[in-house]
Amino acid sequence: DSKDFDTIESVRARLGKDLVILAHHYMSDAVARHADHTGDSLELSRRVPGLEARYIVFCGVFFMAETAAILAKPGQKVLIPEMNSRCVMSDMAPAWLAAKVLDRLEEGGLTATPLTYVNSSAAVKALVGARGGSVCTSANAKTMLSWAMARGGHTLFLPDVRLGLNAADWIALPKEDRNILDIREHGQAIDLERARRAKLLLWPGQCVIHSRFKPESIRKARAESPGCLVVVHPECHPNTVALADACGSTSLIIRFVAEAPEGSTVYVGTEFNLVNRLAQQYSGVKVVRPLLHSTCSNMEKITEPNLARLLENLDGSPSVEVDEALKEPAKLALQRMLDACA
Ligand code: 13P
Ligand code: SF4
């Protein structure tokens with residue numbers, strides 16, 4: 001409401017350069033309008049090392065704030081309006097299990113460079129960093145998969161099997177070089193012989209929000225609006241991606257819609273808040289429709305009221321902390337990505 005709006009804007013005015021608010025593209029309009037910078041995961045991560053603010057408030061899911069805390073300078077305080085806004089997919093690869101899977105592969109004589117999607121905990125990033133691996137986002141998965149594969153041996157991609165398979169398509173990796181791991185029984189269920197034959201080993205995680213976009217949704221859209229354009233996020237199933245006109249990060253989706261001809265109809269397969277904002281922004285110029293209505297309930301935990309409550313009490317609120325022992329290896333993993341994609 002207008003009281004929360006005023007509270008947030010008055011704290012921003014009072015703190016000036018001491019406060020930076022970062023917001024992921026999935027934030028609601030009520031939150032996004034207060035941001036100093038909006039972006040996709042890669043853009044937001046890239047911004048952090050250059051920030052001088054005393055307080056960095058991250059509006060997004062927890063792993064994003066944690067990534068900012070890894071990249072922030074000593075003395076900067078990173079905060080999130082709701083600590084419990086967790087990415088369900090990142091929770092599908094707990095660090096202890098990822099370590100067991102890597103150990104199991106090693107016991108079987110397989111050396112794997114781990115490559116984790118940025119949608120993962122600091123503990124997973126630290127594990128990956130310590131084992132010579134790196135991080136990727138939806139915007140650079142192709143580059144980073146090539147980077148990992150160029151190191152020789154196997155690549156373990158985690159936690160998103162869909163992004164992993166899409167990136168494998170982008171680098172034209174033959175189907176027989178891919179193996180989705182059976183991670184049950186703490187990794188003991190892995191078929192080592194099959195794994196040995198594949199260059200790319202994939203963790204079986206996925207985003208439930210993007211899994212809802214099926215090839216059928218695209219066929220229906222094309223039947224309803226002949227000549228329409230379709231753009232989807234690479235967390236969608238490869239069969240869905242195959243039917244789309246374009247596929248990429250949330251920022252790529254925004255650019256695709258911006259560049260679509262006037263009068264066109266564009267169907268978008270990603271989280272609803274972003275699609276809705278684009279629909280409003282281009283209303284009367286082009287038609288922007290969701291492939292279907294799919295929202296990320298964790299992203300929605302960040303609201304204008306809880307952002308206002310946080311800003312009222314920046315010093316008294318708990319910061320996003322990353323264990324000191326995890327910070328260096330996690331930073332190393334992220335730095336390899338930032339260097340490879342500079
Ligand atoms: P982007 O990196 O494309 O912004 O995506 C992050 C995300 O969580 C998508 O579900
Ligand atoms: Fe995680 Fe999916 Fe939500 Fe993105 S949309 S934050 S991948 S659960």
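This report walks through a predicted model, from its overall build down to single residues.

**Overall build**

The protein has 16 helices and 13 strands. Its radius of gyration is 20 Å, close to the 20 Å that the globule rule gives for 342 residues, so the protein is as compact as a globular protein of that length. If you want a box to picture, the C-alpha trace spans about 60 × 55 × 35 Å along its principal axes. Burial takes in 50% of the 342 residues. As for how the chain meets itself, look at contacts between residues at least 6 apart in sequence: 68% of these join residues at least 24 apart.

**Strand β1 and its partners**

Let's start with β1, which covers residues 19–24. Six of its six residues are buried, so β1 is largely enclosed by the rest of the structure. In a regular strand the side chains alternate between the two faces of the sheet. In β1, L19, I21 and A23 point one way, while V20, L22 and H24 point the other way. Both sets are buried, H24 included.

β1 pairs with β3 (residues 55–59) in the parallel sense, over five bridges. Within that pairing, V20 has I56 of β3 as its bridge partner. β1 also pairs with β2 (residues 37–39), again in the parallel sense, this time over three bridges. There, A23 is matched with T38 of β2.

**The nonpolar core**

In soluble globular proteins, nonpolar side chains tend to be buried together. Here the largest nonpolar core holds 114 residues, and the members that touch the most others are I56, F58, C59, A68 and V268. The largest share of this core, eight residues, comes from helix α4 (residues 62–71).

I56 is worth a closer look. Leaving out residues up to four places away in sequence, I56 touches V20, L22, L51, A68, A72, Q76 and V78. V20, in that list, is also the bridge partner of I56.

Just upstream of β3, P49 is found in the loop between α3 (41–47) and β3. P49 is partly exposed, with 14 other C-beta atoms within 10 Å. P49 and L71 are 22 residues apart along the chain, yet their C-alpha atoms are separated by 5.8 Å.

**A four-stranded sheet**

Further along the chain, four strands form an open sheet in the order β11-β10-β12-β13, with parallel pairing. β11 (246–247) and β13 (287–290) are the edge strands, each pairing on one side only. In between, β10 (residues 229–232) and β12 (residues 265–269) pair in the parallel sense over four bridges. In that pairing, V232 stands opposite G269 in β12.

**Two ligands**

The two ligand shells have quite a different makeup by class: for ligand 1 it is one nonpolar, eight polar and two charged residues, and for ligand 2 it is eight nonpolar, two polar and two charged. Around ligand 1 you'll find H25, D40, S41, N119, T137, S138, C207, H233, E235, S249 and T250. Ligand 2 is surrounded by V61, C87, V88, M89, N119, C207, I209, E235, E271, C296, N298 and M299. N119, C207 and E235 appear in both shells.

**Backbone oddities**

A few spots deserve a check of the torsions. The peptide bond from L158 to P159 is cis, with omega near -10°. P159 lies in the loop between β7 (154–158) and α8 (161–170). Two other residues have a positive phi although neither is a glycine; here they are side by side.

| Residue | Phi | Loop | C-beta atoms within 10 Å |
|---|---|---|---|
| A172 | about 55° | between α8 and β8 (178–180) | 6, exposed |
| H186 | about 55° | between β8 and α9 (192–197) | 14, partly exposed |

So what does the count of C-beta neighbours make of H186? With 14 of them inside 10 Å, H186 counts as partly exposed. A172, with 6 other C-beta atoms within 10 Å, is exposed.

How values were computed
Residues numbered from 1 in each chain as written. Chains lettered and ligands numbered in written order. Predicted model: local features only at pLDDT ≥ 70, side-chain atom pairs only at ≥ 80, totals over all residues. Helix = DSSP H or I, 4+ residues; strand = E, 2+ residues; numbered from the N terminus. Rg over C-alpha atoms; globule rule 2.2 N^0.38 Å. Buried ≥ 20, exposed ≤ 12 C-beta atoms within 10 Å, placed from the backbone. Contact = placed C-beta atoms within 7 Å. Pairing = 2+ DSSP bridges. Near = placed C-beta within 6 Å. Nonpolar A, V, L, I, M, F, W, Y, C, P; charged D, E, K, R; others polar. Core = buried A, V, L, I, M, F, W, Y, C linked by C-beta atoms within 7 Å.
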